[in-house]
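This report describes selected local features of a single protein chain. The sequence and the structure are shown first.

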Amino acid sequence: MYQRDYILKMIEMLGQFVVSILKRISKKEFKEAEDLLEESYFTLLKESAAKFTFIPKEKLTDQLLSDYNFQEGHLEILAQLFKVEADLRFAQGNSELSSEFYQKALIIFEFFDNNSKDFSIQRKKDTDEIKEKINK
């Protein structure tokens, strides 16, 4: 029960971070958004963003599960952080880096679809949104 409560608290914190980051992006306060994003990685996953940025897409879920011992909650958090980072990079005009982060988020969401017993309407919505953005 403790583990589940902890993950739920982390997901709630994630929502607060995401809202704050998206507000900064909409105001074109990119430095502040980057700082909040980095804080999100440290607070929620206890690692810097760079650790996850450099994991190759082809090894992403395997490495997260084996090297970081991530559980579903951690993966969900990371996928959302990747999605927000993609939004930030797109707003900054870096479509190549944005696409990279969208693809990584999509890999994690599709991993859930293939391996999780739970269905999430929000995850399906996020997956569809990411696919649409990648195709543009």
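## Ser-120 and its loop

In this predicted model, Ser-120 has a relative accessible area of 22% and is therefore partly exposed, since the buried class requires a value under 20%. Ser-120 lies in the loop that joins α6 and α7.

The distance between the C-alpha atoms of Ser-120 and Ile-108 is 13 Å, with 12 residues separating the two along the chain.

## Asp-87 in helix α5

Asp-87 belongs to helix α5, which covers residues 72–91. The relative accessible area of Asp-87 is 14%, so this residue is buried, the limit for that class being under 20%.

When neighbours within four places in sequence are set aside, the contacts of Asp-87 are Leu-22, Ile-25, Tyr-102 and Lys-133. Two of these contact residues, Tyr-102 and Lys-133, also appear with Asp-87 in the lining of the second largest pocket.

## The second largest pocket

The second largest pocket holds about 200 Å³ of space. Its lining consists of Asp-87, Phe-90, Ser-95, Ser-98, Ser-99, Tyr-102, Glu-132, Lys-133, Ile-134 and Lys-136. Sorted by class, these are four charged, three polar and three nonpolar residues.

Three helices each contribute at least two residues to this lining: α5, α6 (95–115) and α7 (121–135). Helix α6 provides the largest share, with four residues.

Note on methods
Residues are numbered from 1 along each chain as its sequence is written. This is a predicted model: local features need pLDDT of at least 70, side-chain atom pairs count only at pLDDT 80 or more; totals for chains, interfaces and linings use all residues. Side-chain values use heavy atoms; hydrogens and water are left out. Buried means under 20% relative accessible area, exposed over 50%, partly exposed in between (1.4 Å probe, protein chains only). Contact means heavy atoms within 4.5 Å. On a 1 Å grid over the protein atoms alone, a cavity is a set of points where a 1.4 Å probe fits but cannot get out, and a pocket is an open set with protein on both sides within 12 Å along at least five of seven lines; lining residues have an atom within 4 Å of a point. Grid points are joined across faces, edges and corners, and a volume is the space filled by probe spheres set on the points. Ala, Val, Leu, Ile, Met, Phe, Trp, Tyr, Cys and Pro count as nonpolar, Asp, Glu, Lys and Arg as charged, and the others, Gly among them, as polar.
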